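Me: I should like to understand how the descriptive terms applied to a protein model are justified. Please set each value against its definition.

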Amino acid sequence: GPDDVALVSMSGQRITGFAAGTFQAWNRRMAVTHLYVQPAFRQKGVGRALVERITAQARRLGAAEVWVECSNINSPALAAYERMGFTLSGVDLTIYAGTEAHGEFAFFMSKPPSR
């Protein structure tokens, strides 16, 4: 939609990461739907910068929260989101049933866009 955001991070001519966010007007939530950082650029602030841009869009839109979903086995991402100010807001034990990720579960994390 017109309030969604898609971002690419670059270092010279090289793509270092990308992110996307979708604004859900009904509950005033900006959902981070995609976040990927090239392995060579992880833990260098690329992911944080991308999420900060999505968070800035959330503030402009008057969002109540910025929200992410993350698999329980993705501990590096969970730790990164926590460092960015996200806190646990829910768990879904069956979200990946019948998929390649069967047996995993989802952590939902959120933060107010002011953080």
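Me: Why is Gln43 called exposed?

Reply: The relative accessible area of Gln43 is 77%. Exposed means over 50%, buried means under 20%, and partly exposed lies in between (1.4 Å probe, protein chains only). Gln43 is therefore exposed. This is a predicted model, in which local features need pLDDT of at least 70 and side-chain atom pairs count only at pLDDT 80 or more, while totals for chains, interfaces and linings use all residues. Residues are numbered from 1 along each chain as its sequence is written, and side-chain values use heavy atoms, with hydrogens and water left out.

Me: What is notable about phi of Gln43, and where is Gln43 placed?

Reply: Phi of Gln43 is near 60 degrees, a positive value in a residue other than glycine. Gln43 is in the loop between E3 and H1. The letters denote DSSP runs numbered from the N terminus: helices (H or I) have at least four residues, and strands (E) at least two.

Me: Why is Arg28 called partly exposed?

Reply: Arg28 has 44% relative accessibility, so it counts as partly exposed. Arg28 is located in the loop between E2 and E3, and its phi, near 55 degrees, is a positive value in a residue other than glycine.

Me: Why does Phe41 count as buried?

Reply: The relative accessibility of Phe41 is 16%, and therefore Phe41 counts as buried. Phe41 is found in the loop between E3 and H1.

Me: Which residues are in contact with Phe41, leaving aside its neighbours within four places in sequence?

Reply: They are Ser11, Arg14, Thr16 and Val46, where contact means heavy atoms within 4.5 Å. Phe41 and Thr16 are 25 residues apart in sequence, yet their C-alpha atoms are 6.3 Å apart in space.

Me: What makes Ser71 count as buried?

Reply: Ser71 has 12% relative accessibility and so counts as buried. Ser71 belongs to strand E4. Not counting residues up to four places away in sequence, Ser71 touches Leu78, Tyr96, Glu104 and Phe105.

Me: What makes a set of residues a nonpolar core?

Reply: The residues must be buried Ala, Val, Leu, Ile, Met, Phe, Trp, Tyr or Cys, joined through side-chain atoms within 4.5 Å. The largest such core here has 24 residues, of which Ile54, Val68, Tyr81, Met84, Phe86 and Met109 touch the most other members. Strands E1, E2, E3 and E4 and helices H1 and H2 each give two or more residues to this core. H1 gives the most, with five residues. Apart from this core lies another, of six residues, among them Ala31, Tyr96, Ala106 and Phe108.

Me: How do you know that the radius of gyration of the protein chain agrees with that of a compact globule?

Reply: The radius of gyration is taken over C-alpha atoms, and the globule rule is 2.2 Å times the number of residues to the power 0.38. With 115 residues, the rule gives a value near 13 Å, and the protein chain has 14 Å; the two therefore agree. Along the principal axes, the C-alpha atoms fill a box of roughly 40 × 35 × 25 Å. Buried residues make up 42% of the 115 residues.

Me: How many helices and strands does the protein chain have, and in what order do they run?

Reply: The protein chain has two helices and six strands. From the N terminus on, the order is β-β-β-α-β-α-β-β.
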